[in-house]
Amino acid sequence: MSLIRQIWLLLFGLLLAALLAAVATHAWMGRHGALAQVQSRNDDGAMMLALALSQQGGDAQRMQLVASALFDTGDYRKLRLLQPDGSAWFERAAADVAGAAPAWFRRLVAVEPMPGIAWVSHGWAPIGQVQVSSHAAWAIDALWASCLAMALAMALLAAVAAAVSWRLVRSWQRPLDAVLAQAQALEERRFVIADEPRLPDLRRLTRGMNSLVRRLQAVLADQAEQLDALREQAYTDAVTGLTRRRQFVGQLDTALRSAPVGGAGLLIVRVLDLAAMNRRIGHAGTDALLGAVGQVLQAYPKHVTGALTGRLNGTDLALFLPATGMAADTARSLVDALRAALATVDVGAELVVGGSEGLSGLTGSEALARTDSALARAEERGAFAIEISTDTVHALAAAGGEQQWQRLLGAALDASRTRLAEVPVLGADGRLLHLQCSLRLQWQDGDRFHPAASWLPMAQRCRLAPQADRAVLALALAAIAVDRQPRCVMLTSTSLASAGFVSSVHAQLAAAPEEAACLSIELRESTASRHAARLRQASALWRGAGARLGLSQAGSNLRELPRLHTLGIDYMRIDATHLQEVSSEAAVHELVRGLVRLLHGMGLQVLADGVDNHDDLAVLWQLGFDGASGVIAPVDADAGAASGAT
Amino acid sequence: MRSRGLAWLRLAGAALVLSAGVAGAVDDTRLQRSAALAGPQAARAMGQLLSLMDSAQALPPTAQLQAVNRFFNANVRFAPDSQVWAQEDHWASPIETLQKGAGDCEDYAIAKYFSLLAIGMPAAHLRLVYVRVQLTQGPAQAHMVLAYYGEALGDALILDNLVEDIEPASRRTDLSPVFSFNSEGLWQGVGAVAAGNPLARLSRWRDVVARARTEGFP
């Protein structure tokens, strides 16, 4: 039984016991008083009557008269005159008066006084005995009244005491509930700091828990920083400070998947004739020059969110711009800045810039290939030349057909021309962990079902993403109802940000609680920083309905990982780009191991996405990953990307 | 531990003695002890009284009356309460009277009454009587005597401290009775009210009865 309930029981029990004890004691002691009163009255009455009768000179008639007079004018119940031998001589009796007290009380109290006895004499001769009894009823009535008054007073007192203690206990209950809520949150892996209550005992407790949470957060923040540093080392080229090629291509892949509608831009800066430069200024000088170029390029990611830089090979440095139409202007300002910068180091240094615009729906390698051809054309033109290639067709199609897209998508969703695509995710023991689900739409009957990668960016632009997300959720729940296999769906951050989405998803989950328990919901890691408050709200509601919550495409923002603690996440799906070459590169291996340790320390499951070779997979199991998807399972024949965009 | 055990035994013994007192049995040792507690004179006098009571058990009632009357008339001298007790009126229990060696009319009557009860005379035969006495000189005075009514309840025998011998009431023309009482109805009446209850001792008569019973008289 909870503490508060025990306190209530104790309080009420004590009050009740006190009330009953007080009234009972009062009644019992009052009984003695009542008895003594009536007895004394009896004795005095008898003495008085005997005295009066003794003065009547032995005249029987006069004695009877005196007795009657006393009886009629006094409050006596019975008056008896007895002969000296004990036989009855004269008697007056009144009806027994019940009194106002109830019968059960009279039975309980049971005051039975004895009659008063005295001797009547005439001169020296004893001529008889008198016995006098009074009514006991009035004494009992008085006792009853006082018991009632006592009970009333005690009840009033008890009521006041109860009210006061109610207020007091309620005032304790609130801080106690707050402390319990914090403990509950800790249990659910939401590491929250609570306000300190005023009660000293609870304050100490809360302070202790808060300091524990802070210490944990500090440890995790430390670990995250170390990991970040490790990552820098692993991924970064020492000379230029830019990302290495392999990682850059992977990042490019991810970025292109969430490219804006008009397409993104990619620039490559090539330093010409490195061998000659080496001869002119030596190795160190060349490195310094390349470093200078890298520094200029690095300015962009600082000012443009989502911009990426990388070193592709000895001479080529790449810059990815996630916005539309910026490539040409950026290239020009780059050339101007670099021309001045390079001149200070080496007068003979030359470079060219090649770029491509309107990239979308391509893989990283494809984008690089296109930009390479532009770069080749720029090189033919000469030093400090800029060549941008644009894919206007694609851009136009995306921009102009917005209304058409809206019609297509709306029709497909309304008519439920939808299908669920499932990719298995295996656990370390080789068994199926869950099925990763995405939505496919069919424009017309008989058409093929198009994967989410091809239409989801447009759906977001047309504000149909919430409807699509609700559709995939409903399909997943229905599928679980059929075969009870755990599944996971990814929802978009635009849906999360839209009004009413969180509660409508909660309603869907609450309507099917058994299926919800087998469901996991994923959101992109970037959602955690952009829509933290919404995510917290969603976490509380959806996890409360039984579903699990996870973040996918994770691993890029290591410093922020400890803060994810407070949101209430169950697992993280690490993006493929962070896991590449984990079996061959020692730095990556260390990085991934530290990451797994950090995440496990926070109590989260760690899953791997897009593992593309068995060596990497073996190492991942060794490092303690809880699940992986990618090459290890047969993929659908017409599958696109495994998860949706943005 | 041992002393604590003895203390409990003493307590039990006292309770037993007290309960015997409440039951009304005559306990010679108890009387002796109460008298000893009261003082040396009382102890000596009680010793004499106890031997008298023992020897009087076998005698006929009139002889018992004579013995008790003579004893108290001899051993107690008459003195007013103001002198003996420094109070206007005080009804003394028998042992108190024996200790002081002095008392007034009601003290004599009380002492004789309880001693006769202790010998075994039924209370129904005895009465204390308020009388008016006409002395040889001066006006009539208030007085109390002990009256014995035999089986016949005819003529009473008067035990008086004013007169040496016991005389029948008809011969005591100087006495005119007003009211008579004894302790008969009292124990019946206050059965539920213990002797320790102060309400039971509000009247002088009940108070002295309670004290006499505590001393060990029936």
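## A salt bridge along a helix

Let's start in helix α8 (residues 327-345) of chain A, where A:Arg332 and A:Asp329 sit 3 residues apart, which means about one helical turn separates them. In this predicted model, these two residues form a salt bridge, and their closest N and O atoms are 3.0 Å apart.

How many salt bridges does a search of the whole structure find? Over all chains, the total is 24.

## Where chain B meets chain A

Another salt bridge takes us to the place where the two chains touch. Which residue of chain A does B:Arg206 form a salt bridge with? The partner is A:Asp43, and the closest N and O atoms of this pair are 3.2 Å apart. Across the interface of chain B and chain A, the count of salt bridges is 1. There are also 5 residue pairs in polar contact between chain B and chain A, both residues being at pLDDT 80 or more.

Now look at which parts of chain B take part. Four elements give two or more residues to the side that touches chain A: β3 (126-134), β4 (140-148), β7 (175-181) and α8 (184-189) of chain B. The biggest giver is β7(B), with 6 residues. If you sort the residues on this side of chain B by type, you get 16 nonpolar, 5 polar and 3 charged.

How much do the chains share overall? Chain B puts 24 residues into the contact and chain A puts in 19 residues. People often describe the size of an interface by the accessible area lost when the parts come together. Here, chain B and chain A bury about 1900 Å² between them, and 67% of that lies on carbon and sulfur atoms.

## A four-stranded sheet in chain A

Chain A has an open sheet built from 4 strands, running in the order β2-β1-β4-β3 with antiparallel pairing. Which strands are at the edges? They are β2 (88-93) and β3 (116-122) of chain A, each of which pairs on one side only. Going from one strand to the next, the twist averages 15 degrees.

You can trace some of the pairing residue by residue. Strand β3(A) runs antiparallel to β4 (residues 125-134) of chain A over 7 bridges, and here A:Gly116 has A:Val132 in β4(A) as its bridge partner. Two helices pack on the sheet. Helix α1 (residues 3-54) of chain A touches β1 (76-82), β3 and β4 of chain A, and its direction makes about 10 degrees with that of β3(A). Helix α2 (residues 60-73) of chain A touches β1, β2, β3 and β4 of chain A, with its direction at about 25 degrees to that of β2(A).

## The hairpin of β1 and β2

Next up is the pair β1(A) and β2(A), which is antiparallel over 5 bridges. One match to find is A:Lys78, whose bridge partner in β2(A) is A:Ala93. The hairpin of these strands has 5 residues between them, and there A:Gly86 takes a positive phi near 105 degrees.

## One strand, two kinds of pairing

Further along chain A, look for strand β17 (residues 627-630). With strand β10 (residues 418-427) of chain A, β17(A) pairs in the antiparallel sense over 2 bridges, and A:Gly427 is matched with A:Gly627.

Is the pairing of β17(A) with strand β16 (residues 605-611) of chain A parallel or antiparallel? This pairing is parallel, over 3 bridges. Opposite A:Val611 you will find A:Gly630 in β17(A).

Note on methods: Residues numbered from 1 in each chain as written. Chains lettered and ligands numbered in written order. Predicted model: local features only at pLDDT ≥ 70, side-chain atom pairs only at ≥ 80, totals over all residues. Heavy atoms only, no water. Contact = heavy atoms within 4.5 Å. Buried area = accessible area lost by both parts, 1.4 Å probe. Salt bridge = Lys/Arg side-chain N within 4 Å of Asp/Glu carboxyl O. Polar contact = N/O pair within 3.5 Å; in protein donor to acceptor, adjacent residues only side chain to side chain. Nonpolar A, V, L, I, M, F, W, Y, C, P; charged D, E, K, R; others polar. Pairing = 2+ DSSP bridges. Axes fitted to C-alpha atoms, helices over the stretch in contact; angles between N-to-C directions.
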